[in-house]
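Work through the exercises below with the sequence and the structure open beside you. Try each task before you read its solution.

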Amino acid sequence: MNNTYDAVVIGGGPAGCAASTCLALKGRRVVLLEKEKFPRYHIGESLIPYTYYPLKRMGMLEKMKESHFTRKYSVTFVSRDGRRSHPFYFFQHLAHEAARTWQVLRSEFDQLLLDNAREKGVEVIEQITARDLIEENGRVTGVRAVTAAGESREFHAPMTVDCSGRDALTISRRGWKVRDPYLNKIAVWTYYKGAKRDPGLDEGATTVAYVPEKGWFWYIPQAGDNVSVGVVAEKDYLYSDSRDPKEIFHREVGRNKWIEDHLSVGRQYGPYRTTGEYSYRSRYCAADGVILAGDAFAFLDPVFSSGVLIALRSGEMAADEVDRALTDGDYSAQRFQKYGDDLCHGIESMRQLVYAFYDHNFSFRKLIEKYPKMKDDTTDCLTGDLFRDYTELYQAVSDFAKVPEALSHGRPYAPEVAVARD
Ligand SMILES: Cc1cc2nc3c(=O)[nH]c(=O)nc-3n(C[C@H](O)[C@H](O)[C@H](O)COP(=O)(O)OP(=O)(O)OC[C@H]3O[C@@H](n4cnc5c(N)ncnc54)[C@H](O)[C@@H]3O)c2cc1C
């Protein structure tokens with residue numbers, strides 16, 4: 001068995017599929033290791049318009065258009081007392097078919113991505129768990145993995161792309177996780193059948209409904225009359241009188257009239273799910289022979305549904321960098337400086353608005369009333385055009401909310417810096 005490749009990709013979510021597919025499209029020999037057997041459940045169901053571009057590059061657009069995923073044209077906000085804002089329609093801002101995006105069932109979406117990777121030439125192996133990075137003379141040269149049957153296997157390549165999601169293999173093995181100091185939230189969510197849907201174009205809208213203590217509900221209508229609904233807030237607040245996810249969920253439903261009303265005619269099904277360990281970013285984005293993408297690099301509070309976009313974009317950006325590294329025969333961490341700069345910049349664009357969202361003094365309405373010309377920048381950012389300059393926008397936002405300093409970490413590993421920090 002030839003176990004030597006141009007690149008080993010860990011994880012078959014959006015980041016891993018984007019990285020491996022883009023590398024295979026460039027003629028590289030790639031193996032993707034996925035610990036689960038697909039289809040498997042995953043949260044992260046609401047896409048934003050700019051996911052269109054990486055999906056197009058991967059050859060996924062036709063599959064998306066043929067799918068039964070609910071069309072999403074807009075996002076709308078609901079106040080604590082249940083009043084709903086006028087929906088914000090993406091097509092009013094973006095005159096492109098990208099403005100029509102999707103609410104996906106991740107089990108099916110990720111299966112489509114993985115099948116597409118296979119079609120494009122990626123060797124996909126499921127039910128195999130990457131346990132460790134193989135290192136030779138301080139450089140990563142592959143991955144040590146174990147199959148579901150307990151058999152150990154090694155995969156060798158000059159470059160490894162870690163797309164292991166929130167399991168974050170490299171981060172956890174190397175102690176690189178740095179939590180966001182402020183975005184200390186948890187989420188509790190479940191599913192309903194037959195809950196209320198708004199008519200016409202608004203049927204597939206994401207609704208973000210506020211709860212009193214720096215928190216919010218998502219309400220995501222999905223295919224087959226299903227709705228994904230969850231609440232995100234400070235841990236101390238959500239766990240204030242119970243740790244039972246079902247009790248917490250229903251307590252919070254009772255605190256937003258719009259959510260309560262919409263769920264009243266539906267039937268809850270399946271488990272009540274929770275996740276903690278909210279926003280974090282890796283101290284480093286790469287070391288010699290390994291590069292991190294998607295949630296394996298950073299996770300940002302999902303209030304603006306940016307996770308899948310960042311996973312796809314970082315996957316394709318990593319693929320471009322890895323392709324160049326293979327051409328040059330240079331796999332040193334430092335060559336991924338621009339990757340780290342660009343990716344951190346893109347994540348910061350969203351992070352500034354996420355901070356503002358949680359500031360009681362801030363609202364998009366107030367911002368646009370005072371600075372009408374910021375409407376375009378705000379919209380560009382929220383639709384996912386993250387990799388441009390938003391300095392003016394943050395200045396305007398800072399009139400209402402404390403905007404955070406950009407995080408300085410997330411660049412390639414540099415031993416002398418690491419020693420100084422430790
Ligand atoms: C509560 C919540 C709500 C969210 N809502 C949204 C939303 O509405 N819209 C949105 O865009 N994003 C949302 N997200 C974020 C989104 O889920 C993620 O950002 C996105 O899935 C990241 O993709 P990824 O490919 O990096 O990781 P994943 O999708 O997690 O994929 C990682 C893959 O790696 C595999 N894996 C892990 N470890 C190993 C290993 N050691 N060996 C082999 N395989 C491994 C896993 O099985 C998995 O299939 C939400 C997240 C949370 C927590």
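**Exercise 1. Determine whether the two faces of strand E1 are covered or open.**

Solution. Begin with the terms: a strand (E) is a DSSP run of at least two residues and a helix (H or I) a run of at least four, numbered from the N terminus. A residue is buried if 20 or more other C-beta atoms lie within 10 Å of its own, exposed if 12 or fewer, and partly exposed in between, with C-beta atoms placed from the backbone. Next, take the sides in turn: Ala7 and Val9 on one side are buried, and Val8 and Ile10 on the other side are buried too. Both faces of E1 are therefore covered, by the definition of buried just given.

Before going on, note that this is a predicted model, in which local features need pLDDT of at least 70 and side-chain atom pairs count only at pLDDT 80 or more, while totals for chains, interfaces and linings use all residues. Residues are numbered from 1 along each chain as its sequence is written.

**Exercise 2. Find the partner of E1 and place both strands in their sheet.**

Solution. Two strands pair if DSSP finds at least two bridges between them. Strand E1 (residues 7-10) pairs with strand E2 (residues 30-33) in the parallel sense, over four bridges. Within this pair, Ala7 stands opposite Val30, and Val9 stands opposite Leu32. Now widen the view: six strands form an open sheet with mixed pairing, in the order E7-E2-E1-E11-E20-E19. Strand E7 (123-125) and strand E19 (286-287) stand at the edges with a single partner strand each, so one side of each has no neighbour in the sheet.

**Exercise 3. Describe the surroundings of Glu36.**

Solution. First locate Glu36, which belongs to the loop between E2 and helix H2 (52-57). Then count its neighbours: because Glu36 has 17 C-beta neighbours inside 10 Å, it is classed as partly exposed. Finally, look for contacts, which require C-beta atoms, placed from the backbone, within 7 Å of each other; leaving aside residues up to four places away in sequence, Glu36 touches Glu126 and Gln127.

**Exercise 4. Identify the residues and elements around the ligand.**

Solution. A residue is near the ligand if its C-beta atom, placed from the backbone, lies within 6 Å of it. Of the 36 residues around the ligand, Gly13, Gly44, Gly165, Gly294 and Gly307 come nearest. Two or more residues each are given by helix H1 (14-25), strand E8 (128-136) and helix H9 (307-328), and H9 supplies the largest share, four residues. By class, the shell has 14 nonpolar, 15 polar and seven charged residues, where Ala, Val, Leu, Ile, Met, Phe, Trp, Tyr, Cys and Pro count as nonpolar, Asp, Glu, Lys and Arg as charged, and the others, Gly among them, as polar.

**Exercise 5. Describe how the protein is divided into domains.**

Solution. The bounds, which come from an automatic or database domain assignment, give domain 1 (7-69 + 105-180 + 280-342) and domain 2 (185-275). Their C-alpha centres lie 30 Å apart, and eight residues of domain 1 are in contact with eight residues of domain 2. On the domain 1 side, the touching residues divide into three nonpolar, three polar and two charged.

Definitions and conventions: Two residues are in contact if their C-beta atoms, placed from the backbone, lie within 7 Å.
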